Amino acid sequence: MNTKKVCRLQHFIIVPLAMLWFASVNLVAAESKNYQEVEWIQLMPRDDLDALLNLPEYLANVVDGSEQDSVDALSAIEAQDDTTRRFQQALTSQRVIQDFDKKAVKIPGFVVPLRSDENQRVTEFFIVPYFGACLHMPPPPPNQMIYGKVETGFELAQLTEPFWFKGVIHIETTSNTTGTSAYGMSLDKMYPYE
């Protein structure tokens, strides 16, 4: 066999086979990740959760959707007691759980679109724990929001559609006019919540 034929054989058979092998190794690695299923409250320090569960008394009189039902309105109120002060801090807390940095997780959530491609497919988004977050009500605390980005966008039929998200979570602050997230995720897979 002459040298030119060997080079063509390598180029047309061996190189593509090697590429397929590397792609299958990466696919197997992604599929074999052991994703820890997490609940949203695990992503915040316990004292932030306690502060959010210990509502200041005056909030009982605030009507959902009113002008007073916003982080800005709450921040404008002078905190005269420790409960209100701590509650206000927890609403904007960027404190995170370091143990989750670079951990493969599976978490349920909703998509808040931030950017789309020319075909109106979502490419950047926040993952949030409940429907309507950042859109119809004050955003969740940053430690309850995860920033996601995908090169190949996806169609989002309805904002009310919940998903499972699998990927590697990392500590990263992302802010825009919609909200601020204290976590980011390198997504491996997302699929409808069932």
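Hi everyone, let's start with one pair of residues: I107 stands opposite F165, which sits in strand β5. Before going on, this is a predicted model, where local features need pLDDT of at least 70, side-chain atom pairs count only at pLDDT 80 or more, and totals for chains, interfaces and linings use all residues. Residues are numbered from 1 along each chain as its sequence is written, and side-chain values use heavy atoms, leaving out hydrogens and water.

A quick word on names: helices (H or I, at least four residues) and strands (E, at least two) are DSSP runs, numbered from the N terminus. Two strands pair if DSSP finds at least two bridges between them.

So which strands does β5 pair with? Strand β2 (residues 103-116) runs antiparallel to β5 (residues 163-175), and 7 bridges join them. With strand β6 (residues 180-192), β5 pairs over 11 bridges, also in the antiparallel sense. There, H170 stands opposite G184 in β6, and a hairpin of 4 residues links β5 to β6.

Now let's look inside. The largest nonpolar core, meaning a set of buried Ala, Val, Leu, Ile, Met, Phe, Trp, Tyr and Cys residues joined through side-chain atoms within 4.5 Å, has 22 residues. Our opening pair returns here: I107 and F165 are among those with the most contacts inside the core, along with L43, F125, I146 and M185. At least two residues come from each of β2, β3, β4, β5 and β6, and β6 gives the most, with 4 residues.

Take I146 as an example. Contact means heavy atoms within 4.5 Å, and, not counting residues up to four places away in sequence, I146 touches a list including W40, L43, I107, F125 and M185. A second, separate core of 7 residues includes L52, F87, A90 and L91.

Some of those names belong to our next stop, helix α4 (residues 82-91), where T84, F87, Q88, A90 and L91 are buried (under 20% relative accessible area with a 1.4 Å probe, protein chains only; exposed is over 50%, partly exposed in between). Seen down the axis of α4, these buried residues fall within an arc of 160 degrees (taken from the directions from the helix axis to the C-beta atoms), so they line one face of the helix.

Last one: is Q144 buried or exposed? Q144 lies in the loop between β3 (122-128) and β4 (146-154), yet it counts as buried because its relative accessibility is 7%. Leaving out residues up to four places away in sequence, Q144 touches W40, I41, L43, M44, I127, V128 and P129. Thanks for listening!
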